[in-house]
Amino acid sequence: MKNTFLFSLLVLLVLTGCYRETDYDYTAKAIFGELDVTLSADSILADGKSASIVTYRFPIDADTNLTKLSLKCSNCTFEKSGSDVLHTNVSMLTDSLDACYISVTMISTSSVKDNVLTTELSVYERTDTVFYKQAYPTGIDLTVSPFYLKNDTVAEITLTAEMETANGGVPSKYHAVMFEVSANTSVPGFLQAVERSSNAEGKAINTFVFTGVNSYAGEIDFIARTLDQAGDTIESKQVKLVVIN
């Protein structure tokens, strides 16, 4: 009987010694209430490259079973997952003495729409917004495919104007590009459109239809132009389509 009493007393002492007030305070609701969220930038370029880092700060004593986050963004790609959805958690190890952290990098798209980040912890949810700004090109290249053909057939030639920004990204979607074919009136063909808008990859694609209605042989020149942020014209190098007999 005495041994049973001593064992019970020992267990009580151990439990009391391990007790910390925070052990019982941090429910999922409490963790969510103390969750601190910061953005490295709340406004970035819609260029498919610019980034904003979101950092989540949790109480140091939070149970890692209750710190699992489900993230979704309306207009970004998470660097870690390569998609617009990410499931993550705090690391068991931290250099901080007062908190645990999760840092997540969001990469912009080229669409000028605000990016709404939805954070879910258990049944709780919050949203944060990163605003996107128009990105403008600083350079443009033009390619033609195929680059030669015989003059005895009707053919469609693909013209691809590819733009880039100063930081290596792309201009925001729907940036206008103007195409021009050589002024030689004997050229047997036509552009399907004089102007095209860029896609998510910063490319504007057009078609030159070679009609092959005469015995034309020689070179057909093409050029592409667009406007930078200041409204000044940026011009590609001239590219050629070679027509042979």
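**Close-up views of a predicted model**

**View 1. Ile244 and the nonpolar surface patch.** Ile244 is placed in strand β19, which covers residues 239–244. The structure shown in this and the following views is a predicted model. With a relative accessibility of 35%, Ile244 counts as partly exposed, because residues between the buried limit of 20% and the exposed limit of 50% are classed in this way. Ile244 also takes part in a nonpolar surface patch of about 380 Å². The other members of this patch are Phe147, Tyr148 and Val242.

**View 2. The aromatic pair of Phe208 and Phe222.** The structure holds three aromatic pairs. In one of them, the ring centres of Phe208 and Phe222 lie 5.2 Å apart and the ring planes stand at 70°, so the pair is edge-to-face. The cut-off behind this name is an angle over 60 degrees between the planes. Phe208 belongs to strand β16 (residues 203–210) and Phe222 to strand β17, so the pair ties together parts that are 14 residues apart in sequence. Both rings belong to buried residues: Phe208 has a relative accessibility of 0%, and Phe222 has one of 1%.

**View 3. Ala224 and the residues around it.** Ala224 is found in strand β17, which spans residues 218–227. Its relative accessible area is 0%, so Ala224 counts as buried. When residues up to four places away in sequence are left out, Ala224 touches Ile140, Leu142, Ala161, Val177, Met178, Phe179, Ile234, Glu235 and Ser236.

**View 4. Ala224 and Glu162.** This view sets a separation along the chain beside a distance in space. Ala224 and Glu162 are 62 residues apart along the chain. The C-alpha atoms of these two residues are separated by 9.6 Å.

**View 5. The protein chain as the setting of the close-up views.** The secondary structure of the chain comprises three helices and 19 strands. Among these strands are β17, which holds Ala224, and β19, which holds Ile244. The chain has 245 residues, and 38% of them count as buried. Among contacts with a separation of 6 or more, 63% join residues that are 24 or more positions apart. The accessible surface of the chain amounts to about 14,100 Å², and carbon and sulfur atoms account for 53% of this area.

Technical notes
Residues numbered from 1 in each chain as written. Predicted model: local features only at pLDDT ≥ 70, side-chain atom pairs only at ≥ 80, totals over all residues. Heavy atoms only, no water. Helix = DSSP H or I, 4+ residues; strand = E, 2+ residues; numbered from the N terminus. Buried < 20%, exposed > 50% of the residue type's maximum accessible area, 1.4 Å probe, protein only. Contact = heavy atoms within 4.5 Å. Areas by Shrake-Rupley, 256 points an atom, 1.4 Å probe, with all protein chains shown as cover. Phe/Tyr/Trp six-rings, centres within 6.5 Å; stacked < 30°, edge-to-face > 60°. Patch = residues over 30% accessible without salt bridge, like charges linked within 9 Å, V, L, I, M, F, W, Y side chains within 5 Å. Salt bridge = Lys/Arg side-chain N within 4 Å of Asp/Glu carboxyl O.
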